[in-house]
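Me: I'm new to this one, so could you walk me through it, starting with a polar contact and then moving to the cores?

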Amino acid sequence: MAMMTCSRIFLCYSTPRSQFPTVISSPSHFLTPKKATYKSTKHITLNANGGNSRFMARVSSSSAAEFPTNIGDKLSDVTIFTASGQPVLFKDLWDQNEGVAVVAFLRHFGCFCCWELASALKEAKPKFDSAGVKLIAVGVGTPDRARILAERVPFPMDSLYADPERKAYDVLGLYYGLGRTFFNPASAKVFSRLDKVKKAMENYTIKATPDDTSSVLQQGGMFVFKGKQLLYARKDEGTGDHAPLDDIFDVCCKTPVA
C-alpha cells in the first residue's frame, strides 16, 4: 500500500527495526499506473498530519450486477483452509440454500490494514451473529500465518480461513498488482483511521506475511451472499479501502434470514 503525504510514502511493509510502516521519500502527488482506470462514484477529502495536508481521492465500488449470476456456483467448489489447516470447500462455509453470509477478503495476513479490518470484524461479529448472519474472513497465506493473526489480534479461528493460492480471489476477479497496492488514490482513505490502525497493530508481527512475496500485491473485497445468490459485492480499489461495516449490516438487515 502507498499512502502519500507531502514528500513521504508510508509503505505497508514493516522492517526489523520497527513494526510500524517504513517512511521513504517520494514525490508529493499521487501516482497512478498509466493503464489503470477508475469508475468514480464520489469524491472524498481527507486531512492528515494535523490537517496540514489534504487528499482528494476518487473512490468506487463494485456491485453484484457486475458478477455472473452463477458466481456462487463457481465459488462453491473452491478449496481453502481453516486456520487449523483443514481443507474446506467454500460451499461448506454457510447454508447454501437460505443462509446469509458476509465474506470479507483480506489482503494477506501480514498486512497491517488487514489487522485493522480483522479487529473491526471481531468487534462487529456479535451484532452480525445476533442477526443470524455468518461473518467469515479469508486471507492470503498459509494456515500457520492465519493463526498468527488469530492469536495476536485476536480473531476467532472458527471464522478465519486461508487461501494460499488465491483461488477464490481469482474466481472473484479481485484486483492485483503493484499499482493497486502502492499507488491507488483510494488508499488515502486509511488516513482517517490511523488511530484504529495503530491500535490494531499493538501485537503486530511481520512474521504473518506470506513467504510468497507476490501475494502482497493482492487486494481484497467484501461480499454478501444469501445461499449461492450474491447480494452485494465490493472490490477494494486499493490497500486499506474497506467497505464500511455499517453498510454491510444494512444490506444484511434488508435480507430475510432463514
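Reply: Sure. This is a predicted model, where local features need pLDDT of at least 70, side-chain atom pairs count only at pLDDT 80 or more, and totals for chains, interfaces and linings use all residues. Residues are numbered from 1 along each chain as its sequence is written, and side-chain values use heavy atoms, leaving out hydrogens and water.

Me: Which side chain has a polar atom 2.9 Å from the backbone nitrogen of A168?

Reply: The backbone nitrogen of A168 has a side-chain polar atom 2.9 Å away. That side chain sits in the loop between β10 (160-162) and α4 (167-172). The residue is D163.

Me: What is the nearest side chain of opposite charge to D163?

Reply: D163 is buried (under 20% relative accessible area)\. Still, D163 has no salt bridge, meaning a side-chain nitrogen of Lys or Arg within 4 Å of a carboxyl oxygen of Asp or Glu. The nearest oppositely charged side chain is 6.8 Å away, and belongs to K167.

Me: Which element gives the largest share of the largest nonpolar core?

Reply: A nonpolar core is a set of buried Ala, Val, Leu, Ile, Met, Phe, Trp, Tyr and Cys residues joined through side-chain atoms within 4.5 Å. The largest has 42 residues, and V102, F128, L149 and M222 touch the most other members. Elements giving two or more residues include β8 (100-108) and α2 (112-130). The largest share, nine residues, comes from α2.

Me: Within what arc do the buried residues of α7 fall?

Reply: Buried in α7 are L245, I248, F249, V251 and C252. They line one face of the helix, because seen down the axis, going by directions to the C-beta atoms, they fall within an arc of 155°.

Terms used: Helices (H or I, at least four residues) and strands (E, at least two) are DSSP runs, numbered from the N terminus. Buried means under 20% relative accessible area, exposed over 50%, partly exposed in between (1.4 Å probe, protein chains only). Lys and Arg count as positive and Asp and Glu as negative; His and the chain ends are not counted. A polar contact is a pair of N or O atoms within 3.5 Å; within protein, one must be able to donate a hydrogen and the other to accept it, and residues adjacent in sequence count only if both atoms are side-chain atoms.
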